[in-house]
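Let's take a walk through this structure together, one region at a time. Keep the view open beside the text as you read.

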Amino acid sequence: IGHQGATSLAEGLDGASLLTSLSLGFCGIGQEGLTAMSMVLYHNTALTSLNLDSNSLCVRGAATLSVCLARHSSLTLLDLGCNYIREKGLRALVPVLQANPAMRTLRLGCND
């Protein structure tokens with residue numbers, strides 16, 4: 001869907017506060033698309049599953065996610081595999097991990 005599709009999706013999901021699962025793996029949203037989705041992710045605290053696998057989010061995307069998801073406490077699955085987040089991006093995600101003690105699945109493969 002690319003970053004433009006993510007922007008359109010964000011507009012459509014605005015106010016969808018009961019969404020529990022969002023899977024956008026391999027959608028090519030990149031950092032720009034994630035920025036567009038950030039308000040949806042920030043306001044939807046019902047989210048339990050988020051798959052952003054293979055979207056080239058990089059370190060900046062991990063930092064954006066940290067701000068969006070650190071206030072969540074119900075996230076049980078987070079898939080950020082193949083996003084080039086590297087060690088610095090992983091450090092940015094620490095608040096998300098601390099805020100989600102119920103986290104059962106964390107996928108971070110292929111992020112070097």
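The sulfur of Cys-68 has its closest cysteine sulfur in Cys-58, 16 Å away, which is too far for a bond. Keep in mind that this is a predicted model. Cys-68 has a relative accessibility of 3%, so it counts as buried. For Cys-110, the nearest cysteine sulfur belongs to Cys-82 and is 3.9 Å away, and Cys-110 is in no disulfide. A disulfide needs two cysteine sulfur atoms within 2.5 Å. Unlike Cys-68, which is buried, Cys-110 counts as exposed, with a relative accessibility of 56%. A search of the whole structure finds 0 disulfides.

Next, look at Ser-66, which you will find in helix 3, residues 58-69. Is Ser-66 buried or exposed? Its relative accessible area is 9%, so Ser-66 is buried. A polar atom of the Ser-66 side chain lies 2.6 Å from the backbone oxygen of Ala-92. Leaving out residues up to four places away in sequence, Ser-66 touches Ala-92, Leu-93, Pro-95 and Val-96.

Now turn to the largest nonpolar core, a set of 26 residues. Which of them touch the most other members? They are Leu-41, Leu-50, Leu-52, Leu-65 and Leu-69. Helix 1 (2-13), helix 2 (30-43) and helix 3 are the elements that give two or more residues to this core. In soluble globular proteins, nonpolar side chains tend to be buried together. Leu-50 makes a good place to pause: apart from its neighbours within four places in sequence, its contacts are Leu-22, Leu-41, Leu-65, Leu-69, Leu-75, Leu-77, Leu-78 and Asp-79.

Finally, follow helix 1. With 12 residues at 1.5 Å a residue, helix 1 should span 16 Å, and its end C-alpha atoms are indeed 16 Å apart, so the two agree. Which residues of helix 1 are buried? They are Ala-6, Ala-10 and Leu-13. Seen down the helix axis, these buried residues fall within an arc of 75°, which means that they line one face of helix 1. Strand 1 (21-23) and helix 2 are among what covers them. On the face of helix 1 turned away from the buried side, you will find the exposed residues Gln-4, Glu-11 and Gly-12. Just after helix 1 comes Gly-15, which takes a positive phi of about 90°.

Conventions:
Residues are numbered from 1 along each chain as its sequence is written. This is a predicted model: local features need pLDDT of at least 70, side-chain atom pairs count only at pLDDT 80 or more; totals for chains, interfaces and linings use all residues. Side-chain values use heavy atoms; hydrogens and water are left out. Helices (H or I, at least four residues) and strands (E, at least two) are DSSP runs, numbered from the N terminus. Buried means under 20% relative accessible area, exposed over 50%, partly exposed in between (1.4 Å probe, protein chains only). A polar contact is a pair of N or O atoms within 3.5 Å; within protein, one must be able to donate a hydrogen and the other to accept it, and residues adjacent in sequence count only if both atoms are side-chain atoms. Contact means heavy atoms within 4.5 Å. A nonpolar core is a set of buried Ala, Val, Leu, Ile, Met, Phe, Trp, Tyr and Cys residues joined through side-chain atoms within 4.5 Å. The expected span of a helix is 1.5 Å times one less than its number of residues. The arc is that of the directions from the helix axis to the C-beta atoms.
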